[in-house]
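Student: Could we go through how the helices pack here? I would also like to hear about the aromatic rings.

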Amino acid sequence: MSKTVLQFVILSLVLILAQVIVFNHICLFNVAVPMVFIYVIVRLPITMNANQVLTISFCLGLIVDIFSDTLGMNALSCTILAMLRRPILRLYVPREEDLTRPEPSLESLGTAVYLKYLLTMTLLYCSLIFLIESFTFFNPLQLALRVVSSTVLSMLLMLGVDSLMTPRSEKRL
């Protein structure tokens, strides 16, 4: 097993456990719920086969669904997020040859592009999960507030995880 695969397996297990045990029980001001486990989908290598990405994303969402009792909402949202991952990345990086590494990160995309990519992916996931959860546009202000606040909170936490994942030699001051 290669080092990268082992890192992604360990990262997936840690983020799933953190999501199920800690982050699912956090709800700031009754609107912001952090969704940190999608960081795995965001960081999957671009060179990976689409079927593998969809399978990994579906299983990731399904595991969180099983432990969170959310009836497939995360599995559906993660699968849609995995389908749209490559087109979203192409919005910001027109040619895959421009990437220094196959894995989207601060180093391979640059700070501005990576933040836009992370924001778009997080906003898409939070929009999907809260639309599926509410299944109505009855209270659009509450829905928008939940999506925006959860996106900001999730993105900040994922940037924290990203700073932990980056080796010391690659960190720039």
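Tutor: Axes are lines fitted to C-alpha atoms, for helices over the stretch in contact, and angles run from 0 to 180 degrees between N-to-C directions. Helices (H or I, at least four residues) are DSSP runs numbered from the N terminus. This is a predicted model, in which local features need pLDDT of at least 70, side-chain atom pairs count only at pLDDT 80 or more, and totals for chains, interfaces and linings use all residues. Residues are numbered from 1 along each chain as its sequence is written, and side-chain values use heavy atoms, with hydrogens and water left out.

Student: At what angle do α6 and α7 pack?

Tutor: Helix α6 and helix α7 (residues 140-165) pack at about 135 degrees, with axes 8 Å apart. That makes α6 oblique to α7, because angles under 35 degrees count as roughly parallel, over 145 as roughly antiparallel, 65 to 115 as roughly perpendicular and the rest as oblique.

Student: And how do α4 and α6 cross?

Tutor: The axes of helix α4 (residues 73-92) and α6 come within 9 Å and cross at roughly 150 degrees. The two helices are therefore roughly antiparallel to each other.

Student: Now the rings: how many aromatic pairs are there?

Tutor: The count is 1 aromatic pair (ring centres within 6.5 Å). Phe 37 and Tyr 125 form it, edge-to-face (planes over 60 degrees apart), at 5.8 Å centre to centre and 90 degrees between the planes. Phe 37 lies in the loop between α1 (3-21) and α2 (39-43), and Tyr 125 in α6 (residues 111-134), 88 residues apart.

Student: Are Phe 37 and Tyr 125 buried or exposed?

Tutor: Both Phe 37 and Tyr 125 are buried (under 20% relative accessible area, 1.4 Å probe, protein chains only).

Key. Rings of Phe, Tyr and Trp (its six-membered ring) pair if their centres lie within 6.5 Å; planes under 30 degrees apart count as stacked, over 60 as edge-to-face and the rest as tilted. Buried means under 20% relative accessible area, exposed over 50%, partly exposed in between (1.4 Å probe, protein chains only).
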